[in-house]
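Me: I should like to learn how to read a structure of this kind. May we go through its features one at a time?

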Amino acid sequence: MAGIDDIRSQFNNELKHASDLDKLQLLETSYLGRNGKINALLAEMKSKTPEERKSYGQEINELKQSLTLQITQLKTLLSTRKDQGGDVDVTLPGTVYPKGSIHLVSIAIEEISRIYEKIGFIRTSYPEVEYEFFSFESLNMPKSHAARDDFETSFIDAPVHSKWGKMLLTPHTSSGQVREMWRVGKPPIRMINIAKTYRPNWDATHTPMFFQFEGLCVDEGINITHLKGTLDHFVKEYFGSDIEGRLRPHHFQFTEPSFEVDVTCTVCKGTTKVEGAKCKVCKSGWLELGGTGMVHPNVLKAGKIDPKKYSGWAFGFGVERVIMMKYGIDDIRNYYAGDIRFLEQF
Ligand code: FA5
């Protein structure tokens, strides 16, 4: 009968040849199984004197533990290899992994940037975590002004700045207007600011985080015709040459006069009918794009620009909304639900 040391070295030798899980299983059974070599060693116990038995038993236990550990480790290694395809057959075609795609909002941001950059606008991105001053006061909305309620705001639990006030998640990209005026200093200014904005809404046309794009143009002699021309340029370039834009009177505290911009419904093309039935996307043949107007003199003053010498216009539209309008998407929440079947269509 082989002794403990012989069994150990036999095992170590055989372990080297256990190149797959089946061979390892056979090895395990032949050493650790009921009729295996470890139990055969234990059966020898009765031939030992009472003094020898204690240390003999201990040695067998240690051997058993060491064999069990080596088998377990090799088993883990071989299983991992098996999961990864086992031995490599270089003649087989490789695994084709699904391709990712650029998110539809990122695509739209690129498209919008290109459209405005072509006509001389400079792309900026001002902070989404902002001070009250830039989101409100600088935009002619003093602390207690009711117009602030239109821009429901989430405040940040951070120290209040003695000059700029509380920190917040900016509810609109208009907060970049005065920052851009300060950056440029002396007009001309042609800014296209695209950034994340936040409002606590969640329904088919509202998400708590959304992107806005803000246009700002300031120079000598700028008037509404420049605004309308630039908006028409965007509408035709982004939606197509058959889509029209219009200005509808509105109120914003930071523009005077102010307007809402509508575009022809991209689904019924302004006819209000789709295959004889009433268009489900619009009511009157028009869809609302966002707000615009001539920059209020107080905003120019906050931007350290002389309103007697310079004038300007601004607009702010939702990126998710223009995508909705372009493709006739009926629920904005799909953009952020992470469903690849929706996202890969763009
Ligand atoms: C504003 O935010 C003004 N700052 C726009 C502006 C800029 C007016 C410059 C004048 C001059 P309003 O709250 O209407 O305006 O938002 C503009 C657009 O943002 C909306 O038309 C819509 O397209 C988009 N929007 C607003 N809230 C959400 C939301 N929760 N989810 C997705 N898009 C939104």
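Me: What lies 3.0 Å from a polar side-chain atom of Gln 212?

Reply: A polar contact is a pair of N or O atoms within 3.5 Å; within protein, one must be able to donate a hydrogen and the other to accept it, and residues adjacent in sequence count only if both atoms are side-chain atoms. Here, the partner of Gln 212 is an oxygen atom of the ligand, 3.0 Å away. Arg 199 also places a polar side-chain atom 2.8 Å from a ligand oxygen atom. From the backbone, a polar atom of Gly 318 is 3.3 Å from an oxygen atom of the ligand. The protein covers 95% of the 680 Å² of accessible area that the ligand has on its own (Shrake-Rupley method, 1.4 Å probe).

Me: On what kind of model do these values rest, and how are residues numbered?

Reply: This is a predicted model, in which local features need pLDDT of at least 70 and side-chain atom pairs count only at pLDDT 80 or more, while totals for chains, interfaces and linings use all residues. Residues are numbered from 1 along each chain as its sequence is written, and side-chain values use heavy atoms, with hydrogens and water left out.

Me: How many residues surround the ligand?

Reply: A residue is near a molecule if one of its heavy atoms lies within 4 Å of it. In this case 26 residues surround the ligand, and His 172, Ser 174, Arg 199, Thr 207 and Gln 212 are the closest. By class, the shell has eight nonpolar, 14 polar and four charged residues; Asp, Glu, Lys and Arg count as charged, Ala, Val, Leu, Ile, Met, Phe, Trp, Tyr, Cys and Pro as nonpolar, and the others, Gly among them, as polar.

Me: Which element gives the most to the shell around the ligand?

Reply: Helices (H or I, at least four residues) and strands (E, at least two) are DSSP runs, numbered from the N terminus. Strand β11 gives the most, with five residues. The elements giving two or more residues are β6 (209-219), β11 (286-295) and β12 (311-318).

Me: Where are the cis peptide bonds before Pro 188 and Pro 257 placed?

Reply: The bond from Pro 187 to Pro 188 is cis, with omega near 15°, and Pro 188 is in the loop between α7 (176-184) and β5 (189-198). The bond from Glu 256 to Pro 257 is cis too, with omega near -5°; Pro 257 is found in strand β8 (residues 255-264).
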